[in-house]
Amino acid sequence: MAGEKGVMSQVFNWQINRKMEYPHEEHHPDRQFAFVFNLNRCIGCQTCTMACKSTWTFSKGQEYMWWNNVETKPYGGYPQFWDVKLLKLLEETNPGAQKWKGDVFDGKTIFEAAKTKAGAEPQRVLGYLPTDEEWRFPNIYEDTAVGPKGKEGSYVDDGTSLPEHKTWFFYLARLCNHCTYPACLAACPRNAIYKRPEDGIVLVDQSRCRGYRKCVEACPYKKAMYRPSTRVTEKCIGCYPRIEGKDPETQGRPMETRCMAACIGQIRLQGLVQIASDGQWAEDRYNPIYYLVKVAKVALPLYPQFGTEPNGYYIPPRWVSRDFLKQMFGPGVDHAIEAYRNPDRELLAVLQMFRKTNQIIFRYQIEPGPKIYETEIQGKPFALYDDTINGFDRDGRKIVSTKVEEPFYVRPDIHQNSI
Ligand code: SF4
Ligand code: SF4
């Protein structure tokens, strides 16, 4: 992605369903690193965070560097208030007009808003540089819930009936989204950031980086991080040796990242989606990520209105205020929650594949099983079938087979560790 300085191209962003300005010409990889997180299941255990830290950021100068973090929403954030601050900046440049019209975002993205920011130095991308203090407390406001406004001591009142709880919080696990239109790349005056053509992973060429921190300022998700001991930027590298199949465990076949593989809550599924020559996702009906995002539409991008077309997708937590969720995940929230709350047979089967293997699943296939249960969910009929779902790797080899009904094990009467 090389572009002439100051020249804006028109690129199509499917998440905001329109063309938008971007400081480089459109180029797309053959496949794109993407992931789906089911926020209904995250338990905030931080195993993902520590798996990443102990692999990539345990050295001097990386003390405050958490490529993967899990923050408690609405108040938590790493760096502190990253999203609130950017939403406020956008609102200031386009007051009262940061709105969706149906599934089209009618406001300004961070690329479009940069031009209209009054005063200050001109930016290619609207952003800000967090302070040292804002990077310092990665898990601030952990487990802090909102309660009904103005009701003293009301944390236990009225809080527990769906569809929306009045008292709520949720864990938001985050890493670099390896965006289709990366803001970090767009802002770099040294062209030190690039997107790999084979998998869309966004990397910093450290020999070109001079530590100007334009990427840190521009990344709306604040996932480009400055390392003071080397004076260059570092960021999530998508565990690319694992994606390339370099891990001996998979004998050359793509493997999921460390943070995905470690997930205790089984909320994560990662994949590589096929990209067509026009930059759209090529139809790949039985790729689980394609199915969840494009067919079931149960997983949504994080702050699509920022305009980078992030490749991390989230199944929204169903108990949370809808207005809050719509601000965070866009207009698809009602549909996604409805699909998750009352899943059809195929969705229920695909949801069982989360964390059943560390290898990347390229295709799934469902073998029908018997009906084992039926009920009503919020007035609608629901049937549970004990289907079997099989997952296949890049070369078409079966790597996982699991059933919808959880297996039930009865331990023998004599336990080896009994006293
Ligand atoms: S999340 Fe930030 S650092 Fe990652 S590719 Fe997007 S803009 Fe760049
Ligand atoms: S390991 Fe999984 S469940 Fe635990 S905090 Fe990370 S994403 Fe959530």
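**Close-up views of a predicted model**

**View 1. Gln251 sits in a loop and has an unusual sign of phi.** With 7 C-beta neighbours inside 10 Å, Gln251 counts as exposed, because a residue with 12 or fewer such neighbours falls in that class. Keep in mind as you look around that this is a predicted model. The loop that holds Gln251 runs between helix H7 (240-243) and helix H8 (258-261). Its phi is near 50°, a positive value in a residue other than glycine. For context, most residues other than glycine have a negative phi.

**View 2. Glu309 is another non-glycine residue with a positive phi.** Here phi is about 50°, and the residue belongs to the loop between S13 and S14. Is Glu309 buried or exposed? Glu309 is buried, because 23 other C-beta atoms lie within 10 Å of its own and the threshold for burial is 20 or more. So if you place Glu309 beside Gln251, you can compare a buried residue with an exposed one.

**View 3. Two cis peptide bonds occur in the loop between S4 and H2.** This loop connects strand S4 (69-73) and helix H2 (82-93), and Pro74 is found in it. The bond that leads from Lys73 to Pro74 is cis, with omega near 20°. Pro79 also has its place between S4 and H2. The bond from Tyr78 to Pro79 is cis as well, this time with omega near -5°. As a reminder, most peptide bonds are trans.

**View 4. Ligand 1 is surrounded by 14 residues.** Which residues are the closest to ligand 1? They are Cys176, Cys179, Pro182, Cys184 and Cys219. Sorted by class, the shell holds 9 nonpolar, 3 polar and 2 charged residues. Cys184 is worth finding again in View 6, since it is also one of the residues that touch the most other members of the largest nonpolar core.

**View 5. Ligand 2 has 16 residues around it.** Those that come nearest are Cys42, Cys45, Cys48, Cys263 and Gly265. Which elements each supply at least two residues of this shell? Helix H1 (47-56) and strand S7 (170-174) do. By class, the shell has 11 nonpolar, 4 polar and 1 charged residues.

**View 6. The largest nonpolar core contains 103 residues.** Val36, Cys184 and Ala299 touch the most other members of this core. Take Ala299 as a starting point: leaving aside residues up to four places away in sequence, it touches Val36, Leu292, Val293, Tyr313, Tyr314, Ile315 and Ala336. Two of these contacts, Leu292 and Val293, are among the buried residues of helix H9.

**View 7. Helix H9 (residues 288-295) is largely enclosed by the rest of the structure.** That description follows because 6 of its 8 residues are buried. Which residues of H9 are buried? They are Pro288, Ile289, Tyr290, Tyr291, Leu292 and Val293. These residues pack against S3, S12, S14, helix H12 (345-351) and S15. After the helix comes Lys297, whose phi is positive, near 50°.

**View 8. Four strands form an open, mixed sheet.** Their order is S12-S3-S14-S13. Strand S12 (268-274) and strand S13 (300-301) are the edges; each has a single partner strand, so one side of each is left without a neighbour in the sheet. Within the sheet, strand S3 (residues 31-38) and strand S14 (residues 312-315) run parallel and are joined by 4 bridges. In one of the pairings, Asn38 has Ile315 of S14 as its bridge partner.

**View 9. Three strands form an open antiparallel sheet.** The order is S15-S18-S19. Strand S15 (363-367) and strand S19 (398-403) are the edge strands, each pairing on one side only. From one strand to the next, the twist averages 20°. Strand S18 (residues 388-392) and S19 are antiparallel, with 5 bridges joining them, and Thr388 stands opposite Lys403 in S19.

**View 10. Strands S16 and S17 make a hairpin with 2 residues between them.** Strand S16 (residues 371-377) pairs with S17 in the antiparallel sense over 6 bridges. Lys371 has Tyr385 as its bridge partner in S17. In this hairpin, Gln378 takes a positive phi near 50°. How many of the 6 residues of strand S17 (residues 380-385) are buried? The number is 0, so strand S17 lies largely in the open.

Conventions:
Residues are numbered from 1 along each chain as its sequence is written. Chains are lettered from A and ligands numbered from 1 in the order in which they are written. This is a predicted model: local features need pLDDT of at least 70, side-chain atom pairs count only at pLDDT 80 or more; totals for chains, interfaces and linings use all residues. A residue is near a molecule or strand if its C-beta atom, placed from the backbone, lies within 6 Å of it. Ala, Val, Leu, Ile, Met, Phe, Trp, Tyr, Cys and Pro count as nonpolar, Asp, Glu, Lys and Arg as charged, and the others, Gly among them, as polar. Two strands pair if DSSP finds at least two bridges between them. A nonpolar core is a set of buried Ala, Val, Leu, Ile, Met, Phe, Trp, Tyr and Cys residues joined through C-beta atoms within 7 Å. Two residues are in contact if their C-beta atoms, placed from the backbone, lie within 7 Å. Axes are lines fitted to C-alpha atoms, for helices over the stretch in contact, and angles run from 0 to 180 degrees between N-to-C directions.
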